[in-house]
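Please open the structure in your viewer and keep the selection panel at hand. The tour proceeds by selection, with a short description at each stop.

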Amino acid sequence: MDIRIYVGNLAKTTTQEEINTLFATAGTVSSVDLVKDKVTGQSKGFAFVAMPTQAEADKAISMFNGYSLAENALKVNIAKPRV
């Protein structure tokens with residue numbers, strides 16, 4: 001089962017491809033879900049990245065929490081389960 005990672009404080013211009021490319025440097029990326037506004041189609045500033053192993057997810061979190069992307073310091077942690 002994939003480990004879901006929350007990625008917050010993204011610039012509105014950040015694309016799914018940019019997130020995928022960035023996180024691929026930490027390990028295998030199963031999927032990227034960039035959350036967009038239903039009306040405008042613009043990014044809401046956060047995304048979820050799925051990685052296949054806990055070790056890869058931990059590596060990505062340690063590499064990218066606080067990482068500067070498009071002049072924004074990313075907030076990266078394990079995604080909380082939906083309620």
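**Stop 1: helix H2 and its surroundings**

Select helix H2 together with strand S1 (3-8), helix H1 (16-24), strand S3 (43-51) and strand S6 (75-78): the buried residues of H2 pack against these four elements. Please bear in mind throughout that this is a predicted model.

Now restrict the selection to H2 itself, residues 54-64, and display the side chains of Glu56, Ala57, Ala60, Ile61 and Phe64, which are buried. Viewed along the axis of H2, these buried residues fall within an arc of 135°, so they line one face of the helix. The general geometry is familiar: an α-helix has 3.6 residues a turn, so residues three or four places apart point the same way. Rotate to the face of H2 turned away from the buried side, where the exposed residues Ala55 and Ser62 are found. Then move just past the end of H2 to Gly66, whose phi is positive, at about 90°.

**Stop 2: strand S3 and its partners**

Select S3 next. How many of its nine residues are buried? Seven are, and the strand is thus mostly covered.

Add S1 to the display: S1 and S3 run antiparallel and are joined by six bridges. To locate one pairing, pick Arg4, whose bridge partner in S3 is Ala50.

Replace S1 with strand S2, residues 31-36, which pairs with S3 in the antiparallel sense over five bridges. Here Asp33 stands opposite Phe48 of S3. The hairpin formed by S2 and S3 has six residues between the strands, and in this hairpin Gly41 adopts a positive phi near 80°.

**Stop 3: the nonpolar core**

Select Ile5, Val7, Leu10, Ile19, Phe23, Val49 and Val76, the residues with the most contacts inside the largest nonpolar core, which has 21 residues. S1, H1, S2, S3 and H2 each give two or more residues to this core, and H2 contributes the most, with four.

Centre the view on Ile5. Beyond its neighbours within four places in sequence, Ile5 is in contact with ten residues that can be displayed in turn: Ala47, Phe48, Val49, Met51, Ala57, Ala60, Ile61, Val76, Asn77 and Ala79.

**Stop 4: a loop residue**

Finally, select Thr14, in the loop between S1 and H1. Is this residue buried or exposed? Thr14 counts as buried because its relative accessibility is 5%, under the 20% cut-off. Setting aside residues up to four places away in sequence, Thr14 touches Ile19, Leu34 and Leu69.

Note on methods: Residues numbered from 1 in each chain as written. Predicted model: local features only at pLDDT ≥ 70, side-chain atom pairs only at ≥ 80, totals over all residues. Heavy atoms only, no water. Buried < 20%, exposed > 50% of the residue type's maximum accessible area, 1.4 Å probe, protein only. Arc of directions from axis to C-beta. Contact = heavy atoms within 4.5 Å. Pairing = 2+ DSSP bridges. Core = buried A, V, L, I, M, F, W, Y, C linked by side-chain atoms within 4.5 Å.
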